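User: Please take me through this structure and justify each term as you use it. What should be examined at the start?

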Amino acid sequence: MQQDRLFHQTRLRLAGWYAGVMGCTLALFGFGTYGVIAEAYGKTIDRGLESVTGILAQQIEPILEQPERLSQLANYLEVCLPKAECLPAIAEAQPPLTNLASPADYYIRLLDPDGNPIMVGGIQLKELAITPGDQQWRTVTDAQKNRYRQVSLPLHLQDEVWGYVQVGRSLQDLDENLEDLRWMLLLGCPIAVVLVGVTSWWLSELAMQPVYRSYQYMQQFTADVAHELRTPLAAMEATIEADLRLYQKSEGSTEADRETITVLQRQTARISQLIKDLLLLARIDRRELAGQHQLCCLNNLVSDLVEELAFLAVEAGVQLSLKIQVQQPVYVLGNEGQLYRLVSNLISNAIQATPEGRKVTVILDRVDPYALIQVQDTGVGIALEDQTRIFDRFYRVEQERSRRTGGSGLGLPIAQAIARIHRGSIQVKSELGKGSVFTLRLPLQ
């Protein structure tokens, strides 16, 4: 299967689609996982802040009702005077009212209704601006771009807002963990996609093997049937030819009898040619035509073909001409018989596609490192949607014309297969009503 271009490309596309779908799935899963983890971590932090702030508010509000006890807070929090720096706390002990496991991880602020600080405590954040307490949740940033999450709750005294208690904590641990997670996803997803790609390449081979075996059986069946039909067809051709000679010599034969024999001879020859084409394609598929190549002069090849096919052009009322645009002989390495068949198919198709009174031109040129053979016709042209299918076996653009001229839809597939054997290519440019140009590229020797 590795040597068959069609199945190799199909396997490559299958593996690519599988790896692409899995890669998109992994990317979506990674984004989803990142979002879920970030949201869960953020909610955990918010719940902790809300719990701490609620405890502080419950413990501070009873103190507000007894002003003489308010001074006790100064023992544990820095007192902030208007238009002055905050005075340090009197005691170094942790405030018993917080009941925090790690109070140093938080900063605590008491604000008046206007948002001015009254007392602060916890971690020292001189570069973090003090924000009003009218908004419950905030994410603030200091001068070093460090993020902090804070919550503000109102403190009530006799059903009026006395001020706010504001508690916050650093989000540095969250940011570090999320950064580690991002790096893990950025590095892990490509590695996973590569592993998926390797696995999909192996799985695609397993999936294609039954199809490839069926294709091989079909090829073998086609070759065997075509081979077996050659003998009876040869006998039929010989019999029909003998009968035709006999009818021509017989005085009692009628014109209708001779016409019937002629039709049988023509249709038998058509079937015989079809079988030869099928055998040729079968041999090409099984790499039986990749024999020893030799130097071939394309100047002689195209000249002989134009001369040989001139009678076909005359019968169709088409003007066939040759233009050799190189001064020196053009040589390629290949099988002269196969190249002869290739160019012959292109010219024959061009003649059949060209209406009476128009012309077909064969051009030989070279554009290093390729030799170019162009077959230009002024025929009916090929629609754009048909141009990608004309090299498919048994595909015919015009069914009526193909039946009339005896075309089987194998000429261009055979030409393309021979071109690939010689490491060349065939390209087509066509416009409806104006004609077509088939360009054969072969590597120069």
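Analyst: Leu440, leaving aside neighbours within four places in sequence, is in contact with Leu342, Val343, Leu346, Ala371, Leu372, Ile373, Ala419, Ser425 and Ile426. These count as contacts because heavy atoms lie within 4.5 Å. The model is predicted, with local features requiring pLDDT of at least 70 and side-chain atom pairs pLDDT 80 or more, whereas totals for chains, interfaces and linings use all residues. Residues are numbered from 1 along each chain as its sequence is written, and side-chain values use heavy atoms, leaving out hydrogens and water.

User: What makes a set of residues a nonpolar core, and which residues have the most contacts inside the largest one?

Analyst: A nonpolar core consists of buried Ala, Val, Leu, Ile, Met, Phe, Trp, Tyr and Cys residues joined through side-chain atoms within 4.5 Å. Buried means under 20% relative accessible area, exposed over 50%, and partly exposed in between (1.4 Å probe, protein chains only). The largest such core has 46 residues, and Leu320, Leu342, Ile347, Phe438 and Leu440 have the most contacts inside it. Elements that each supply at least two residues include α4 (255–285), α7 (336–353), β12 (370–377) and β14 (435–443). The greatest contribution comes from α7, with seven residues. Another core, of 18 residues, lies apart from this one and has Val52, Val151, Val167 and Leu178 among its members.

User: Why is α7 called a helix, and how does its span compare with the expected one?

Analyst: Helices are DSSP runs of H or I with at least four residues, and strands are runs of E with at least two, numbered from the N terminus. With 18 residues, α7 therefore meets the helix minimum. The expected span is 1.5 Å times one less than the number of residues; α7 reaches 26 Å from its first C-alpha to its last, close to the expected 26 Å. Its buried residues include Leu339, Leu342, Val343, Leu346 and Ile347.

User: Which residue caps the N-terminal end of α7?

Analyst: Asn335 caps that end, with a side-chain oxygen 3.0 Å from the backbone nitrogen of Gly337. A polar contact is a pair of N or O atoms within 3.5 Å; within protein, one must be able to donate a hydrogen and the other to accept it, and residues adjacent in sequence count only if both atoms are side-chain atoms. The distance of 3.0 Å is therefore within the limit.

User: What makes Lys145 an exposed residue?

Analyst: The relative accessible area of Lys145 is 68%, so it is classed as exposed. Lys145 sits in the loop between β5 (137–141) and β6 (147–157), and has a positive phi of about 65° although it is not a glycine. Arg423, in the loop between α10 and β13, has a positive phi of about 60° and is likewise exposed, at 61%.

User: How do you know that β9 and β11 pair?

Analyst: Two strands pair if DSSP finds at least two bridges between them. Six bridges join β9 to β11, so the condition is met, and the two strands run parallel. One bridge links Ile324 to Leu364 in β11.

User: Which strands stand at the edges of the open sheet?

Analyst: The sheet has five strands in the order β9-β11-β12-β14-β13, with mixed pairing. β9 (319–324) and β13 are the edge strands because each has a single partner, which leaves one side without a neighbour in the sheet.

User: Where is the cis peptide bond that ends at Pro369?

Analyst: Pro369 is in the loop between β11 and β12. The bond from Asp368 to Pro369 is cis, with omega near 5°.
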